[in-house]
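Please look through the model shown here, beginning with one chain as a whole and then turning to a single residue and to the cores.

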Amino acid sequence: MQQLDNQEILMKLKSSKQFWDIKKKIKQGFSDQQKIGVNDIQKFAQSCEIEDQLIKLISHILKKSKKRETLKEDQIEFLNTSKIKWTELLFKNLDIVHQKTKNQEEDDTNTDSKLYIYDEKNLLAFLQTFKQQQSNNLYQNVQFQSNKILNINIPLKSSQSILDKYQYLLLQEELSDEKINKIRKQIENEHLDIELEKIAQTFVPNGERCLLYLKYFEFDHQDTVLQQHFVKLQKECLNQLFYDELLEIDGHEISEDTFYFVFQEQILTCLKCFIRDRTIKENIRIQLQSGIKKEHAEFQLPITGFFPFKNISKYVAPLCYLSTKIHIIYALFKEFFCRYFCFLHAISSESNSILSLCMQIEEIVSTRSPKLFHHLKVIGCDTLKLIIHQLVYCFIGDMDPPHILTIYDQIIGHDSLEILVILCVGFLNKYKSKLLLAKNQENVQQIFSELREDRFQELVQYAYKQ
Amino acid sequence: MQNKKLKWKSDFEKSVIIENFVNRGWIKSQEKEEEQTDWNVYWATQIINHFPNHYELTRKDCMVKNLKRFKREQDKEVLETFNFDFLPTTYIFPGEYSLFVEEFHRNPNQTWIVKPAARSQGKGIFLLRKIQQLKKISGTTVTSNMTQLNLASKENYVVSRYIDNPLLIGGKKFDLRMYVLVTNYKPLKVWIYNKGFGRFCNEQYTTDVAEIENMFVHLTNVAIQQYSDKYSQKHGGKYSIDALKLYVESAYGTDALNKMMDDIHNIMLTSLKSVQAVIQNDKHCFEMYGYDILLDSNLKPWLIEINASPSLTTTTPVDKNLKMNLINDVYNIVLPNDDFPDNDQKQQQPTKVGGFTLLYDENLDPNNRKTQKRQSVKIWK
């Protein structure tokens, strides 16, 4: 575990606006006095809560400096076993996909487009197979309803706490030019991630977003290092892997998107480098696959430790707007994936995991829109099946890029994926009246096949309507 | 409030035009085609939605001549200053051939782009690195000492310095199509539309001489790119202006975006001002122009050409949505409340109508009265 020495802590403190505010307050408190002792400062600091603020600031610096270890084991044993089963299933799918590609090479007329290892529907279907957890003394207080499709007894934050956390978004107004300029200067001057998170929660000007992200991930003075790392990976791409073919096929969908087709080649290059990047395994916050395939197997897991999946290209696409430099786009994508998006593909009880997010959505919709929840069940369209695509891919492809980047801001702002819960609930509420009139799955598909425009702020508003 | 059943007639069977008529509740003129005189609105090739001599702006050679003339006039003026640094060095053939030859020899490594003055959709365009390549123009001959050019056809050609450092996104070249509505030339009143698109080439850009004839690398016209193997029906190579603005602002900064847009507005205004004195103004006329603008790698915009009849063909659902709204907004300005506005009503129009924002109104320009006295009116022949 990395520990900072006092000098390093002081350097980090000095890069924070809060530190200088505190210093200013102390100076103002002693402006008339000539002789000031340490005890005087301590008494003063305690009296006006400055000491608490400093302690919080320092502990935050120390906490962030600790190198995170990848979560490999879940606190709930059956999820660990499930992860192994999931990995085995994916290996089987890999064999099927490999056979299909061989068949396509031999027969041009065979254009089976399902050449991916898994998609979000497969993942949800797997989660649904979890049998109801036996009662466990640790979790007896956890309530769950049997009409939900995910009957899993895991510790869950209260859905009200998530709604309360993001309620401030309802009050957000358009900012004046003066305020926007102030935020710009803040981003230029600020280095501490806790301060950058606060900015990201409120408003990030388009022109400063890349800088904020780079600072937050501590990449702002590492351009050369990032470039060298990327160039090294690009050289490794000269050796073709089977997964490259899957990535090329995956890229077809993004190449048809009106907002992302221009970045098609960059996205593919980033992904090819990604599956060859050895540093991902040690940086990723949670292990996605578990277990090693049997001997004599033709394919093993990529060096990242997980299989590429359908629509992985989508995660890279919005970041292509942020920079002309591909190594910067790559670094940002890698960091976003390793910190956040990995949880959307992890069998885990962590609060950011797909399982927890799905259960939160079911909880909110079933309690706040019971009529819709029940109606969807009756016509054979479960709530989760309707929004799983938007959830897993963060609405990329459903919302225009400015709104997606706002989602990314919120993810950084709260160091959490919970904003997706709010947006999914909002999405269902927005189309509630049409969904209530739907009589079957075809009707529902028709509702979502029409040209529509979903916006971030709009979905937030809908999330809080009942 | 749309409460009048105007009668319409159209020379074009374009869905974006007809559907707008229908959506507004207007009725098609029922008289026999040759006797149709009872129409109120006629989407025609030359009458209502054009100014009589719009070619002064929209023929490539006339546009260049007028801009050069306007620049010479402005150089003598003290009050008004316009930035003309948006037109690549251009020569009009056959008249300026000898001037071109001199310039060609001064910069032998320069690539030039040759275009027929009055054609569209990329027809007849090619890149030139050797003067002998001018023989590509059918029947044309060049003397061995290159002093004389005999153009077989009677049409003029324009030869411009090729912008060989275009801004690339994803490694591909693109240009911008933006829409400008002029409802009056004297005084000048100009509206700019907030939607437009970038038209992308399908091949990665390269300055490699071996690819100089590859039109899929160099020419952004949809009419050309649609024949590429890589052409997509879903997006048609069209990238929205909003997406481009987001990209420029995010990747280059807000100041860079603002400067780029200011420069684009300057191009529009300066080009329109350059023909203000020569265009035959008519209160029954309006014109919606399609501006083609190329951005270079420094985000500097260059004027390629101005189209009097920008394509209303729709290649994708997004494209159709854009053009439907565009035409609808044109009518909302030109015929507010389905009626011909008088001068007072025109002056009271809001500065934003649908997707159009008022870019310039000479009536509101404080420099207007002083400069009007100085401007000499010349009819260009």
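**Chain B and its cores**

The accessible surface of chain B comes to about 17,900 Å², an area obtained by the Shrake-Rupley method with a 1.4 Å probe, and carbon and sulfur atoms account for 49% of this surface. This is a predicted model, in which local features need pLDDT of at least 70 and side-chain atom pairs count only at pLDDT 80 or more, while totals for chains, interfaces and linings use all residues. Residues are numbered from 1 along each chain as its sequence is written, chains are lettered from A and ligands numbered from 1 in the order in which they are written, and side-chain values use heavy atoms, with hydrogens and water left out.

Chain B has 381 residues, of which 54% are buried, meaning under 20% relative accessible area, whereas exposed means over 50% and partly exposed lies in between (1.4 Å probe, protein chains only).

B:Lys136 lies in the loop between β6 (126–128) and β7 (141–142) of chain B, where strands are DSSP runs of E with at least two residues, numbered from the N terminus. Because its relative accessibility is 41%, B:Lys136 counts as partly exposed. Leaving aside residues up to four places away in sequence, B:Lys136 touches B:Phe126 and B:Glu213, a contact being heavy atoms within 4.5 Å.

In soluble globular proteins, nonpolar side chains tend to be buried together. A nonpolar core is a set of buried Ala, Val, Leu, Ile, Met, Phe, Trp, Tyr and Cys residues joined through side-chain atoms within 4.5 Å. The largest has 190 residues, and those with the most contacts inside it include A:Tyr315 and B:Tyr239. A second, separate core of 29 residues includes B:Trp43 and B:Phe286.

How values were computed
Helices (H or I, at least four residues) and strands (E, at least two) are DSSP runs, numbered from the N terminus.
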